[in-house]
Structures are given as structure tokens and as C-alpha cells.
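Subject: Structure handover

Hello,

Here is the structure I promised to pass on. Please open it first, then read the notes below it.

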Amino acid sequence: QVQLQESGPGLVKPSQTLSLTCTVSGGFITTNYYYWSWIRQPPGKGLEWMGAIHTLSTYYSPSLKSRTSISRDTSKNQFTLQLNSVTPEDTAVYYCARALFPGGCNDYWGQGTQVTVSS
């Protein structure tokens, strides 16, 4: 059974960088078949796909590409999200997930972590 767990600060100040880590157990992020994704849900809004990493390739939502970076640490079986220059509009529950292709068909999800952007 694959499990994903998000971790990181719950409060970030405007203009700073949001950094989250997803730790994967029960499977390896080096597996060629899957895309390891970040998705968020702002309050009162729907899910928004942010990006994914697959082996050494990364994929980003066009609307967030200029501020987003996804990387991985294979020694720890983790992948990370960095979102630069955050504003209160980046307040959301952030999820990591395993997907069959970029932007969709997520079969395993983390429980989500609330991140609030506020001074």
C-alpha cells in the first residue's frame, strides 16, 4: 500500500517561499511509470493541479510555472514543492499524489496540509 505524507510550515508570510515535502512509503519515486504530483485546493474553490515530477522531468501548470519548482530526493524517497513570492491567494490545502499522467488520474493521495499565507 502506497502512502504519501505532506510536511512543512503551516504559515508563510507574503513574498516568501512556500516549501513542502512529500514522503512516500510503500513504493519508490524512482519508478518510471508514475508521476509524483502537487495539487492544492484554496478555500471555497476546486482542486488545482500545480505540477509533477517524473524521473528527471518536471511538468508545471502554465499559470504557476514562473513561481513553482518541484524536485526529488531519491535517497529519502521524497519530492518537494517550492512556490515563490506567495500571496494570500496561495492559501490552500496542499496535497501530494501519485498519478498515471501529468494533471490527472491520481490513484494515491496524501491527507493534505493547510498552508496559510499571512503576515
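The notes below go from the overall fold to single residues.

Please keep in mind that this is a predicted model.

Overall fold

The protein chain has zero helices and 11 strands. Read along the sequence, the pattern is β-β-β-β-β-β-β-β-β-β-β. The radius of gyration is 13 Å, and the globule rule gives 14 Å for 119 residues. The two values are close, so the chain is as compact as a globular protein of that length. Along the principal axes, the C-alpha atoms fill a box of roughly 40 × 25 × 25 Å.

Inside and surface

Of the 119 residues, 41% count as buried. Take the contacts with a separation of 6 or more: 54% of them come from residues 24 or more positions apart. The chain exposes about 6,100 Å². Carbon and sulfur atoms supply 49% of that area.

Charges were checked too. The protein chain carries 8 positive and 6 negative charges. Their mean positions are 4 Å apart.

Salt bridges

How many salt bridges are there? The count comes to four.

Start at arginine 40. Its side chain meets that of glutamate 48 in a salt bridge, at 2.7 Å from N to O. Arginine 40 has 5% relative accessibility, so it counts as buried because the cut-off is under 20%. Glutamate 48 is at 23%, so this residue counts as partly exposed.

Arginine 40 also forms a salt bridge with aspartate 90, at 2.8 Å from N to O. Where do these two partners lie? Aspartate 90 is in the loop between strand 8 (78–83) and strand 9 (92–101). Arginine 40 is in strand 4 (residues 35–41). The pair therefore ties together parts that are 50 residues apart in sequence. Both aspartate 90 and arginine 40 are buried.

Another salt bridge joins the side chains of arginine 98 and aspartate 107, at 2.6 Å from N to O. Is arginine 98 buried or exposed? Arginine 98 is buried, with a relative accessible area of 9%. Aspartate 107 has 33% relative accessibility and counts as partly exposed. Elsewhere, salt bridges that share partners join Arg40, Glu48, Arg67 and Asp90 into one network.

Backbone points to look at

Two residues deserve a look for their phi angles. One is serine 85. Its phi is positive, at about 50 degrees, although serine 85 is not a glycine. Serine 85 lies in the loop between strand 8 and strand 9. Aspartate 90 of the salt bridge above is also placed in the loop between these strands. Serine 85 is partly exposed, with a relative accessible area of 44%.

The other is cysteine 105. Its phi is near 55 degrees, again a positive value in a residue other than glycine. Cysteine 105 is found in strand 10 (residues 104–109). What does its 42% relative accessibility make it? At that value, cysteine 105 counts as partly exposed.

If you open one spot in the viewer, go to arginine 40. Its side chain meets glutamate 48 in one salt bridge and aspartate 90 in another. From there, follow the network on to Arg67. Then turn to serine 85 in the loop between strand 8 and strand 9, and to cysteine 105 in strand 10.

Best wishes

Notes: Residues numbered from 1 in each chain as written. Predicted model: local features only at pLDDT ≥ 70, side-chain atom pairs only at ≥ 80, totals over all residues. Heavy atoms only, no water. Buried < 20%, exposed > 50% of the residue type's maximum accessible area, 1.4 Å probe, protein only. Helix = DSSP H or I, 4+ residues; strand = E, 2+ residues; numbered from the N terminus. Rg over C-alpha atoms; globule rule 2.2 N^0.38 Å. Contact = heavy atoms within 4.5 Å. Areas by Shrake-Rupley, 256 points an atom, 1.4 Å probe, with all protein chains shown as cover. Lys, Arg positive; Asp, Glu negative; His and termini not counted. Charge placed at Lys NZ, Arg CZ, Asp CG, Glu CD.
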